[in-house]
Amino acid sequence: TKHCDIDPDPTTSIIEFEHSDLSNFSVYPNPASNWIEIISEHQLCELSIFDLRGCLIKSLHNTQSSKRIYIGDLLSGTYVIQCKSSIGIGSNIIIKN
């Protein structure tokens, strides 16, 4: 799933995410080539991967507290992974080799 409205003004391309206290999730390995593992103390409702322009690249719903995600189909680069759970929202940077 890819959704992106590109703003023609590059000075407004800063990504902003709604943020809450979901600091108890980790992503490994990072950097990664094909797979990443998301571990959280809480059940994750939604995982989203965005590029640095803020375009939604991938989204998964109703996940477990541990989730293995295939990223081999992504181009090499830096991405933001956003995790939503019943206690809030958190984000992390991932690097795809």
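## A walk through an all-strand model

In strand 4, Leu-60 is the bridge partner of Leu-47. Leu-47 itself belongs to strand 3, and it is a good place to start our tour of this predicted model. Is Leu-47 buried or exposed? Leu-47 has a relative accessible area of 2%, which is under the 20% cut-off, so this residue counts as buried. Look also at Lys-67: it lies 20 residues from Leu-47 along the chain, and the C-alpha atoms of the two are separated by 9.2 Å.

### The strands and their sheet

Let us step back to the whole chain. The protein has seven strands and zero helices, so if you read the elements from the N terminus on, you meet β-β-β-β-β-β-β.

Which strands form the open sheet, and in what order? There are four of them, arranged 4-3-6-7, with antiparallel pairing. Strand 4 (56-61) and strand 7 (88-96) stand at the edges; each has a single partner strand, so one side of each is left without a neighbour in the sheet. From one strand to the next, the twist averages 15 degrees.

Now zoom in on one pair. Strand 3, made of residues 44-51, pairs with strand 4 in the antiparallel sense over five bridges. Within this pair, Phe-50 stands opposite Leu-56 of strand 4. The two strands form a hairpin with four residues between them, and in the turn Gly-54 has a positive phi of about 95 degrees.

### The nonpolar core

What lies inside? The largest nonpolar core has 17 residues. Ile-36, Ile-38, Ile-49, Ile-69 and Ile-81 are those with the most contacts inside this core. At least two core residues come from each of strand 1 (25-28), strand 2 (35-40), strand 3 and strand 6 (77-85).

Ile-81 is a nice residue to click on. Leaving out residues up to four places away in sequence, Ile-81 touches Phe-25, Val-27, Ile-36, Ile-38, Ser-48, Ile-49, Ile-69, Gly-90, Ser-91, Asn-92 and Ile-94.

For the protein as a whole, 36% of the 97 residues count as buried. About 5,900 Å² is exposed, and carbon and sulfur atoms supply 49% of that area. Contacts also reach along the sequence: among those between residues at least 6 apart, 56% join residues at least 24 apart.

### Two cis peptide bonds

Between strand 1 and strand 2 there is a loop that holds Pro-29. Pro-31 lies in the loop between strand 1 and strand 2 as well. The peptide bond leading into each of these prolines is listed below.

| Peptide bond | Form | Omega |
|---|---|---|
| Tyr-28 to Pro-29 | cis | near -15 degrees |
| Asn-30 to Pro-31 | cis | near 10 degrees |

### The cysteines

How many disulfides does the structure hold? The count is zero. As a reminder, a disulfide is a covalent bond between the sulfur atoms of two cysteines. Two cysteines are still worth finding in the model. Cys-45 has a relative accessible area of 39%, so it is classed as partly exposed, the class between 20% and 50%. Cys-83 has a relative accessible area of 0%, so it is classed as buried.

Notes
Residues numbered from 1 in each chain as written. Predicted model: local features only at pLDDT ≥ 70, side-chain atom pairs only at ≥ 80, totals over all residues. Heavy atoms only, no water. Pairing = 2+ DSSP bridges. Axes fitted to C-alpha atoms, helices over the stretch in contact; angles between N-to-C directions. Disulfide = S-S within 2.5 Å. Buried < 20%, exposed > 50% of the residue type's maximum accessible area, 1.4 Å probe, protein only. Contact = heavy atoms within 4.5 Å. Areas by Shrake-Rupley, 256 points an atom, 1.4 Å probe, with all protein chains shown as cover. Core = buried A, V, L, I, M, F, W, Y, C linked by side-chain atoms within 4.5 Å.
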